[in-house]
Amino acid sequence: MTAGSAPSPEAGSAAYVLAVADDAMVYAQRLGEWLTNAPQIEEDMALANVSLDLLGQARALYARVGELDGSGRGEDDYAMFRDERQWRNVHLVEQERGDFAREMARMLWFASYQHELYAAQLASSDPVVAGVAGKAAKEVRYHLDHARHWVLRLGDGTDESHRRMQAALEWAAPYVDELFDDHAAAVTAVEAGLVARLPSELREAAQGRVEAVVSEATLTMPDPPTWRSRGGRDGIHSRPMGYLLAELQHISRSHPGATW
Amino acid sequence: MYGNDVIDPNDPLNAAETPAYDEARQHEDRRDEVGGGFDALIAADQRIEPRDAMPDKYRQTLIRQIAQHAHSEIIGMQPEGNWITRAPSLRRKAILTAKVQDEAGHGLYLYSAAETLGIDRAELLDRLHNGTQKYSSIFNYPTLTWADCGAIGWLVDGAAIMNQVPLCRCSYGPYARAMVRICKEESFHQRQGFEILWVLSRGTEAQREMAQDAANRWWWPALMMFGPPDSGEAASQGHTAQSMAWGIKRFSNDDLRQKFVDMTVPQAQKLGLTLPDPDLRWNEERGHWDFGPIDWDEFWRVLRGDGPCNAERISQRRRAHEEGAWVREAANAYAAKHVRSQESAA
Ligand SMILES: [Fe+2]
Ligand SMILES: [Fe+2]
């Protein structure tokens, strides 16, 4: 992957799978912060479930990236020993944990996106990518359902919860476009048959899902935001990312070469 | 990951892997011949069920004990929850997340068992938050390094299982059944904790030191988990005799503590860890490990609230509860609206 030269098809595929894995990994890390902090014990368990599902997706995909990029690296090499500029996740998943409404707004968008994404990978030319998508598609249906139920309850609950849920949708809005950007690795991946559709082609269905939930919840879709996040797929991240990685990586990096 | 020649997966590592667990799970239902009276059922070692008449003191004793157990599961999520974002590998992160999630499940399961005695979870949580009900003091100690996650699994889950296996035979049916299920999961936790220390104690110098330091700090508090001694100066008369008579408690604190020491010392040897007790030695005559005096002043001090983390544990728990109040209110409001709209549509 030398800068300036055209990437080989395998390297292009690796870059694409890495982006999918990083989204899942970083969101798993954020959701892990909810355990012992959730509004009720059932929710500690539910958010842990979503976190575990995403962690499982990331681990399976990292193993595949290590084969595709020819480096033979394992899951912990990717998760623990890459610096911020080497991470390929979108900004939405790296944002700090906010109130529960923000988490449900983020989960609704992210699960809606992943729902379409994994559907487009079911017939992937890469058997591992197809296999992960098959399992993940079922998991994501649960995540989507979970987020939907909470957005309904919060939107159509009390005045306070309605206000907070509406504010949460506004908060998430600037991070949405980035999910559906046709970044270079995704273009290569479509050409290689790794995934059937470009990110931009996932938007209509994903956004349709979100809009249906929002209107059923007596909420409104935010006006187009005045700014949007950019750069995650190129390793340009927002302020919270460095702190997230510091926490994620510090023990492994303090003991190079150790096994756990 | 036990594919090595020293840890034999068939070797019991905790009380839920011994025949005592299988025996405790066996329950012979003879209610038909015994009849329904409380005293007759207790005398015949039969289970009391929620619909049975029972003395109020029996009910209150169980509410207190099951609630304290449930609170311990919930507060017990914190020391290890503290390490989820920092687990040193993705595999460890997944195992730890699942473990802390299990503890939440145990809490819910136990609150449900308490609810069969006529009290609801919200009331019990209030009692936890305002300090009128306790949780296990072990969770008032801090988790300083990754090795503490190993030591907690090995020693704290191990001691909890030793206490809980006899509770699978508790006279109160819902509690006994909860214990059967919970002990099985605690047994996985204990193995995972042992395995964390196993890897550390075979790792780098720094990892070995980390493991030894964790064993040093958790050993004595784990022995305190069995409660004050049954006799002598530090004994507290408490409810032991009555709980024994009611078939709630089956073994004395000291008996369970001795069983735990006997089971754990050889495991420490396998791990290559030294337990921080100069008086620890095998007593051929007794057929048990002798161990040194426990610092009961520390036990009572931590129990009274003056431990390293008492204030932090309760304040985190309260904060999560208070910050979640608007969410729970919204869920109730939503449910009420939708019941009404279903009724008016019907
Ligand atoms: Fe537990
Ligand atoms: Fe446990």
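# Two iron ions and helix packing

User: Is B:Glu103 buried or exposed?
Analyst: This is a predicted model, and in it B:Glu103 has a relative accessibility of 7%. The cut-off for buried is under 20%. B:Glu103 therefore counts as buried.

User: Which residue bridges the iron ion (ligand 1) and the iron ion (ligand 2)?
Analyst: The two iron ions lie 3.5 Å apart, with one residue bridging them. That residue, in helix 6 (residues 90–115) of chain B, is paired with B:Glu186 in helix 9 (residues 173–201) of chain B, 83 residues away, so that distant parts of the chain are linked. Both members of the pair are buried. The bridging residue is B:Glu103.

User: Which protein donors hold the iron ion (ligand 1)?
Analyst: Along the sequence, the donor residues of the iron ion (ligand 1) are spaced E-x29-E-x2-H-x79-E. They lie 1.9 to 2.2 Å from the ion. The histidine donates through ND1 and the glutamates through OE. The donors are B:Glu73, B:Glu103, B:His106 and B:Glu186.

User: What is the arrangement of the 4 donor atoms around the iron ion (ligand 1)?
Analyst: The donor atoms subtend angles of 89 to 136° at the iron ion (ligand 1). Four donors count as tetrahedral if all angles lie between 85 and 135 degrees. The upper angle, 136°, falls outside that range, so the arrangement is irregular.

User: Which residues coordinate the iron ion (ligand 2)?
Analyst: The donors of this ion follow the spacing E-x53-D-x28-E-x2-H along the chain. They sit at 1.9 to 2.3 Å. The angles they subtend are 88 to 143°, which makes the arrangement irregular. The coordinating residues are B:Glu103, B:Asp157, B:Glu186 and B:His189.

User: How many residues apart are B:Glu103 and B:His189?
Analyst: The iron ion (ligand 2) and the iron ion (ligand 1) are both coordinated by B:Glu103. B:Glu103 is in helix 6 of chain B and B:His189 in helix 9 of chain B, and this pair links distant parts of the chain at a separation of 86 residues.

User: Is B:His189 buried or exposed?
Analyst: The relative accessibility of B:His189 is 2%. Buried means under 20%. B:His189 therefore counts as buried.

User: At what angle do the axes of helix 9 of chain B and helix 10 of chain B cross?
Analyst: Helix 10 covers residues 205–224 of chain B, and its axis comes within 7 Å of that of helix 9. The crossing makes helix 9 of chain B oblique to helix 10 of chain B. In the contact, B:Leu197, B:Leu200 and B:Ser201 of helix 9 meet B:Gln207, B:Arg208, B:Met210 and B:Ala211 of helix 10. The axes cross at roughly 140°.

User: How do helix 6 of chain A and helix 15 of chain B lie to each other?
Analyst: Helix 15 (residues 325–345) of chain B packs against helix 6 of chain A at an angle of about 85°, and the axes are 8 Å apart. Angles of 65 to 115 degrees count as roughly perpendicular. The two helices are therefore roughly perpendicular.

User: Which residues of helix 15 of chain B make the contact with helix 6 of chain A?
Analyst: Helix 6 of chain A contributes A:Trp150, A:Leu152, A:Arg153 and A:Leu154. By class, the residues of the contact divide into 8 nonpolar, no polar and 1 charged. Helix 15 of chain B contributes B:Trp326, B:Val327, B:Ala330, B:Ala331 and B:Tyr334.

User: Which residues does A:Ala147 touch, not counting residues up to four places away in sequence?
Analyst: A:Ala147 is in helix 6 (residues 127–155) of chain A. At 0% relative accessibility, A:Ala147 counts as buried. Its C-alpha atom is 9.7 Å from that of A:Ala101, 46 residues apart along the chain. With residues up to four places away left out, A:Ala147 touches A:Met104, A:Met107 and A:Leu108.

User: What is the relative accessible area of A:Gln57?
Analyst: A:Gln57 is found in helix 2 of chain A. Beyond four places in sequence, its contacts include A:Gln114, A:Tyr118, A:Glu139 and A:His143. A:Gln57 is buried, with a relative accessible area of 3%.

User: Near what value is phi of A:Thr36?
Analyst: A:Thr36 is in the loop between helix 1 (9–32) and helix 2 (41–68) of chain A. A:Thr36 is buried, with a relative accessible area of 11%. Its phi is positive, in a residue other than glycine, and is near 80°.

Methods. Residues are numbered from 1 along each chain as its sequence is written. Chains are lettered from A and ligands numbered from 1 in the order in which they are written. This is a predicted model: local features need pLDDT of at least 70, side-chain atom pairs count only at pLDDT 80 or more; totals for chains, interfaces and linings use all residues. Side-chain values use heavy atoms; hydrogens and water are left out. Donors are N, O and S atoms within 2.8 Å of the metal (3.2 Å for Na, K and Ca); water is not among the atoms, so sites may look incomplete. Four donors count as tetrahedral if all angles lie between 85 and 135 degrees; four count as square planar and six as octahedral if opposite donors are over 155 degrees apart and all others between 65 and 115; anything else is irregular. Helices (H or I, at least four residues) and strands (E, at least two) are DSSP runs, numbered from the N terminus. Buried means under 20% relative accessible area, exposed over 50%, partly exposed in between (1.4 Å probe, protein chains only). Axes are lines fitted to C-alpha atoms, for helices over the stretch in contact, and angles run from 0 to 180 degrees between N-to-C directions. Angles under 35 degrees count as roughly parallel, over 145 as roughly antiparallel, 65 to 115 as roughly perpendicular and the rest as oblique. Contact means heavy atoms within 4.5 Å. Ala, Val, Leu, Ile, Met, Phe, Trp, Tyr, Cys and Pro count as nonpolar, Asp, Glu, Lys and Arg as charged, and the others, Gly among them, as polar.
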